[in-house]
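Trainee: Could you take me slowly through one part of this model and explain what can be read from it?

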Amino acid sequence: MFKFDILVEDFVGILTVVPKTLLLALVILLISTFLGGIIAIIQQYKIPIISQLITVFKSFLRGTPAVVLLYIMYYALPQISHPLLSLIGIEFNPNNLNPVITVIVTFSLTLSAFQSEIIRGAFLSVNYGQIEAAYSLGYNFLQTLWRVIVPQALTEALPDFLNSYMVIIKALSLAFLITVVDIFAKAKIVGAMTFRYLEAFVAAALIYWCISALLTYLVNRYEISLRKGH
């Protein structure tokens, strides 16, 4: 029989890992957005060879399940890191690689392919006439980018960035496969302690729901303020 007192206990217990999960997801979002921006610029200007390699890279990431990529990076990253760090004189034991690093690298690379499309679409939404006007006023490329393109593109891309953030938070449930504890993993742990898995997973679902509702509200308010500013 479903017990609400256990649900409350599990809810409180799972809440302890929410800050860590949100921070980890934010780091991944920022890194993947930065990488996605670089990818978008490369593809926008059609840089020879690199642009073609990026296309293959994106195709591979889109076609490969995240759990497979996670395992690939879990076994490959220590082997890659060791010789690279040795070249610059840093001694590194591959067995000591923190699995959190593996999670960050894996999901940042995976999401960068999707972030590049969001950024590219947001940039294309900016009226080119405004860009020409900025150049006519003497703005250089960087000034035009930060004062004209980015503010408007951010407004358009904000809902998609929120979706990406929520995708990361939910995708982190896979991190338990390499011993990183997030919301889902904590639910499994507290459920195993009492053998009351139903209450634990319902508590996790409620936490995911609350996070989603709160973030959606905050981002919507911020988007409204940005549009009013324009």
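Mentor: Let us begin with Ile-49, which at 61% relative accessibility counts as exposed, because exposed here means over 50%. This is a predicted model, and in it Ile-49 sits in the loop between H2 and H3. The phi of Ile-49 is near 70 degrees, a positive value in a residue other than glycine.

Just beyond that loop comes helix H3, residues 50-63. With its 14 residues, H3 reaches 20 Å from its first C-alpha to its last, which is close to the 20 Å expected at 1.5 Å a residue. Turning to its side chains, we find Ser-51, Ile-54, Lys-58 and Leu-61 buried in H3. Seen down the axis of H3, these buried residues fall within an arc of 85 degrees, so they line one face of the helix. On the other side of H3, by contrast, Gln-52, Leu-53, Val-56 and Gly-63 are exposed.

A useful companion to Ile-49 is Phe-195, which also has a positive phi, of about 60 degrees, although Phe-195 is not a glycine. Phe-195 is found in the loop between H8 and H9, and at 67% relative accessibility Phe-195 counts as exposed.

For a contrast with these exposed residues, consider the largest nonpolar core, which has 35 residues, and where Ile-183 is one of those that touch the most other members. Among the elements that give two or more residues to this core are helix H8 (183-194) and helix H9 (197-229), and H9 gives the most, with 9 residues. Leaving aside residues up to four places away in sequence, Ile-183 touches several residues, including Ile-14, Val-17, Ala-204 and Ile-211.

Note on methods
Residues are numbered from 1 along each chain as its sequence is written. This is a predicted model: local features need pLDDT of at least 70, side-chain atom pairs count only at pLDDT 80 or more; totals for chains, interfaces and linings use all residues. Side-chain values use heavy atoms; hydrogens and water are left out. Helices (H or I, at least four residues) and strands (E, at least two) are DSSP runs, numbered from the N terminus. The expected span of a helix is 1.5 Å times one less than its number of residues. Buried means under 20% relative accessible area, exposed over 50%, partly exposed in between (1.4 Å probe, protein chains only). The arc is that of the directions from the helix axis to the C-beta atoms. A nonpolar core is a set of buried Ala, Val, Leu, Ile, Met, Phe, Trp, Tyr and Cys residues joined through side-chain atoms within 4.5 Å. Contact means heavy atoms within 4.5 Å.
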